[in-house]
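Please report on the fold, the strand pairing and the side-chain contacts of this protein. Keep it brisk and give the cut-offs.

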Amino acid sequence: AAAKDEKGEIIGGLTAIDHNGIILRADAREKPITFNGSELEHWVEPFEGDRYSLVYFNNLKNKDELLI
């Protein structure tokens, strides 16, 4: 699992996650996002400005702990 936290002065740049064909969009500037980045396709939408991302990894033994 991964938690993603973003900082910086930007316009746009939402994190998009493909969850079974449904595209979820989240703003990690408000609060960290938790999802399994090795199983879910994800990307950052276009943005303007300076953007910084921190990605935290965790090897979960119980996948039921994931939020998505």
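Residues 24 or more positions apart account for 69% of the contacts in the protein with a separation of 6 or more. A contact here means heavy atoms within 4.5 Å. This is a predicted model, in which local features need pLDDT of at least 70 and side-chain atom pairs count only at pLDDT 80 or more, while totals for chains, interfaces and linings use all residues. Residues are numbered from 1 along each chain as its sequence is written, and side-chain values use heavy atoms, with hydrogens and water left out.

**Overall make-up**

The protein has eight strands and zero helices. From the N terminus on, its elements read β-β-β-β-β-β-β-β. Both element types are DSSP runs numbered from the N terminus: helices are H or I with at least four residues, strands are E with at least two. The protein has 68 residues, of which 26% count as buried. Buried means under 20% relative accessible area, exposed means over 50%, and partly exposed lies in between (1.4 Å probe, protein chains only). The accessible surface comes to about 4,900 Å². Carbon and sulfur atoms hold 52% of that surface. These areas come from the Shrake-Rupley method with a 1.4 Å probe; for residues, only the protein chains shown count as cover.

**The three-stranded sheet**

Three strands form an open sheet in the order E4-E3-E6, with antiparallel pairing. E4 and E6 are the edge strands, each pairing on one side only. The twist averages 25° from one strand to the next. For such angles, axes are lines fitted to C-alpha atoms, for helices over the stretch in contact, and angles run from 0 to 180 degrees between N-to-C directions. Two strands pair if DSSP finds at least two bridges between them.

Strand E3 covers residues 15-19 and strand E4 residues 22-26; five bridges join them. The two form a hairpin with two residues between them. In the turn, Asn-20 has a positive phi of about 55°. E3 also pairs with E6, in the antiparallel sense, over three bridges. Ile-17 has partners in both strands: Leu-24 stands opposite in E4, and His-42 is the bridge partner in E6. Further E3–E4 partners include His-19 with Ile-22 and Ala-16 with Arg-25.

**Salt bridges**

A search of the whole structure finds two salt bridges. The criterion is a side-chain nitrogen of Lys or Arg within 4 Å of a carboxyl oxygen of Asp or Glu.

| Salt bridge | N to O distance |
|---|---|
| Arg-25 and Glu-45 | 2.4 Å |
| Arg-29 and Asp-27 | 3.0 Å |

Arg-25 lies in E4 and Glu-45 in the loop between E6 and strand E7 (47-49), so the Arg-25 and Glu-45 pair ties together parts that are 20 residues apart in sequence. Glu-45 counts as buried because its relative accessibility is 18%. What of the other pair: are Arg-29 and Asp-27 buried or partly exposed? Arg-29 is partly exposed, at 30% relative accessibility. Asp-27 is partly exposed too, with a relative accessible area of 24%.

**A buried loop residue**

Asn-36 lies in the loop between strand E5 (33-35) and strand E6 (42-44). Its relative accessibility is 9%, so Asn-36 counts as buried. The side chain of Asn-36 makes a polar contact of 2.6 Å with the side chain of Ser-38. A polar contact is a pair of N or O atoms within 3.5 Å; within protein, one must be able to donate a hydrogen and the other to accept it, and residues adjacent in sequence count only if both atoms are side-chain atoms.
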